[in-house]
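Morning, everyone. I have one structure to walk through today. Please have a look at it while I talk.

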Amino acid sequence: MLNAILQAIGLSSKDERRQFERYPVTSPIEVTVDGTAHNCIIDNVSVGGLRLEPPVEAQAGADLTIKHPASGLNLTGHLIGNDTGGSRISFDSSEAGAVVSVWLRMMHEQKSV
């Protein structure tokens with residue numbers, strides 16, 4: 001089912017380290033981990049997750065809530081890990097991730113025009 005949805009919206013899974021293609025997006029987002037909210041900026045997004053800047057101070061595997069303040073969009077995920085510039089977040093639902101990925105990209109493209 002997911003592959004049919006991805007093909008319908010022009011996305012496809014990759015046969016490389018990353019399962020899904022990443023797209024650059026710059027948008028403010030709020031991430032809540034253990035009751036603490038962090039204001040971040042999305043660096044890129046895919047069907048499977050997103051990368052945030054700056055890094056969220058939490059341990060890999062931590063459950064979190066992702067909220068897009070402009071829309072009220074709210075979904076869950078977990079922290080894959082941090083690097084020097086940001087955090088890698090995985091969505092709990094790839095179906096929700098497909099919707100979020102396309103939606104955020106569309107919003108970003110509209111602002112760029």
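I'll go from the overall fold to confidence, and then to two details in the loops.

First, a caution. This is a predicted model.

Let's start with the layout. The protein chain has two helices and six strands. Along the sequence, the order reads α-β-β-β-β-β-β-α. In other words, a helix comes at each end of that pattern, with the strands between.

How do the six strands come together? They close into a barrel, and the pairing is antiparallel. Going round, the order is E1-E2-E3-E6-E5-E4. Neighbouring strands of this sheet are turned by 45° against each other on average, with direction ignored.

Look now at E1 and E4. These two run antiparallel, and three bridges join them. If you want a residue pair to find on screen, take Val31, which stands opposite Ile66 in E4.

Next, some totals. The protein chain has 113 residues, and 38% of them are buried. Its accessible surface comes to about 6500 Å². Carbon and sulfur atoms account for 49% of that surface. Now the contacts. Take those between residues at least 6 apart in sequence: 49% of them join residues at least 24 apart.

How far does the predictor trust this? The average pLDDT for the protein chain is 80, and 78% of the residues score at least 70. Where is confidence lowest, and where is it highest? The low end is helix H1, residues 2-8, with a mean of 60. The high end is strand E6, residues 87-91, at 93. Please also mark residues 13-17. There the pLDDT is below 50. Beyond near neighbours in sequence, that stretch has five contacts in the model.

Now the two loop details.

The first is Asp34. You'll find Asp34 in the loop between strand E1 (23-33) and strand E2 (36-45). Its phi is positive, about 50°, although Asp34 is not a glycine. Is Asp34 buried or exposed? The cut-off for exposed is over 50% relative accessible area. Asp34 has 76% relative accessibility, so it counts as exposed.

The second is a peptide bond. Which residues does the cis bond join? Glu53 and Pro54, with omega at about -10°. Pro54 lies in the loop between strand E3 (49-53) and strand E4 (63-68).

To recap: six strands in a closed antiparallel barrel, a positive phi at Asp34, and a cis bond between Glu53 and Pro54. And keep that stretch at 13-17 in mind, with its pLDDT below 50. Thanks.

Notes: Residues are numbered from 1 along each chain as its sequence is written. This is a predicted model: local features need pLDDT of at least 70, side-chain atom pairs count only at pLDDT 80 or more; totals for chains, interfaces and linings use all residues. Side-chain values use heavy atoms; hydrogens and water are left out. Helices (H or I, at least four residues) and strands (E, at least two) are DSSP runs, numbered from the N terminus. Buried means under 20% relative accessible area, exposed over 50%, partly exposed in between (1.4 Å probe, protein chains only). Contact means heavy atoms within 4.5 Å. Accessible areas come from the Shrake-Rupley method with a 1.4 Å probe; for residues, only the protein chains shown count as cover. Two strands pair if DSSP finds at least two bridges between them. Axes are lines fitted to C-alpha atoms, for helices over the stretch in contact, and angles run from 0 to 180 degrees between N-to-C directions. pLDDT is the predictor's confidence in each residue, from 0 to 100.
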